[in-house]
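Welcome! Here are a few short exercises for getting to know a protein chain, each followed by a worked solution. Take a look at the sequence and the model, then start with the opening task.

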Amino acid sequence: MSTPTHSAVRNPLQVAGSVWFSVAKPSVVRLSVFDNVGRLVLTIVEGETLTPGRYRRLVLVSDLPSGTYVCRLLTDEHAVSTLLVVSR
């Protein structure tokens, strides 16, 4: 069984960027961004059922202050996190 993966493209982000992720088997997916104290600041994907494959989602960060954020991918069986850096 393989684990889902994701990573930010063009880190640091200024206005927008892409998050790439893969899903190993059909799964309900949630992709969220949290600030440094754990508050949910963005929901990129919410409860979408995806088939196996590689996906790209646009992330708009123009309303977020500069800083480091955690991007978290949840599937039916796994959770994976990576850092997003917003820089103006």
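**Exercise 1: the chain as a whole**

What does the accessible surface of the chain come to, and what share of it belongs to carbon and sulfur atoms? Then describe the secondary structure.

*Solution.* Keep in mind that this model is predicted.

- Step 1. The accessible surface is about 5100 Å², and carbon and sulfur atoms account for 53% of it.
- Step 2. Turn to burial: the chain has 88 residues, and 34% of them count as buried.
- Step 3. Now the secondary structure: there are 7 strands and 0 helices, giving the pattern β-β-β-β-β-β-β along the sequence.
- Step 4. Finally, look at contacts between residues at least 6 apart in sequence: 56% of these join residues at least 24 apart.

**Exercise 2: the open sheet**

Find the order of the strands in the open sheet of 4 strands, and work out which strands stand at its edges.

*Solution.*

- Step 1. Reading across the sheet, the order is 4-3-6-7, and the pairing is antiparallel.
- Step 2. Strand 4 (40–50) and strand 7 (79–86) each have a single partner strand, so they stand at the edges, with one side of each lacking a neighbour in the sheet.
- Step 3. From one strand to the next, the twist averages 15°.
- Step 4. Look inside the sheet: strand 3 (residues 27–34) and strand 6 (residues 67–74) run antiparallel and are joined by 5 bridges. Leu31, for example, has Leu73 in strand 6 as its bridge partner.

**Exercise 3: an aromatic pair**

Locate the 1 aromatic pair in the structure and describe its geometry.

*Solution.*

- Step 1. Recall what to look for: the distance of the centres and the angle of the planes describe a pair of aromatic rings.
- Step 2. The partners are Phe21 and Tyr55, with 5.6 Å from centre to centre and 20° between the planes. Planes under 30 degrees apart count as stacked, so this pair is stacked.
- Step 3. Place the partners in the chain: Phe21 lies in strand 2 (residues 16–23) and Tyr55 in strand 5 (residues 53–60), 34 residues apart.
- Step 4. Are these two residues buried or exposed? Buried means under 20% relative accessible area. Phe21 has 0%, so Phe21 is buried; Tyr55 has 16%, so Tyr55 is buried too.

**Exercise 4: the nonpolar core**

Which residues have the most contacts inside the largest nonpolar core?

*Solution.*

- Step 1. This core has 19 residues, and those with the most contacts inside it are Phe21, Val29, Leu31, Ile44 and Cys71.
- Step 2. Strands 2, 3, 4, 5, 6 and 7 each give two or more residues to the core.

Notes: Residues are numbered from 1 along each chain as its sequence is written. This is a predicted model: local features need pLDDT of at least 70, side-chain atom pairs count only at pLDDT 80 or more; totals for chains, interfaces and linings use all residues. Side-chain values use heavy atoms; hydrogens and water are left out. Two strands pair if DSSP finds at least two bridges between them. Axes are lines fitted to C-alpha atoms, for helices over the stretch in contact, and angles run from 0 to 180 degrees between N-to-C directions. Rings of Phe, Tyr and Trp (its six-membered ring) pair if their centres lie within 6.5 Å; planes under 30 degrees apart count as stacked, over 60 as edge-to-face and the rest as tilted. Buried means under 20% relative accessible area, exposed over 50%, partly exposed in between (1.4 Å probe, protein chains only). A nonpolar core is a set of buried Ala, Val, Leu, Ile, Met, Phe, Trp, Tyr and Cys residues joined through side-chain atoms within 4.5 Å. Contact means heavy atoms within 4.5 Å. Accessible areas come from the Shrake-Rupley method with a 1.4 Å probe; for residues, only the protein chains shown count as cover.
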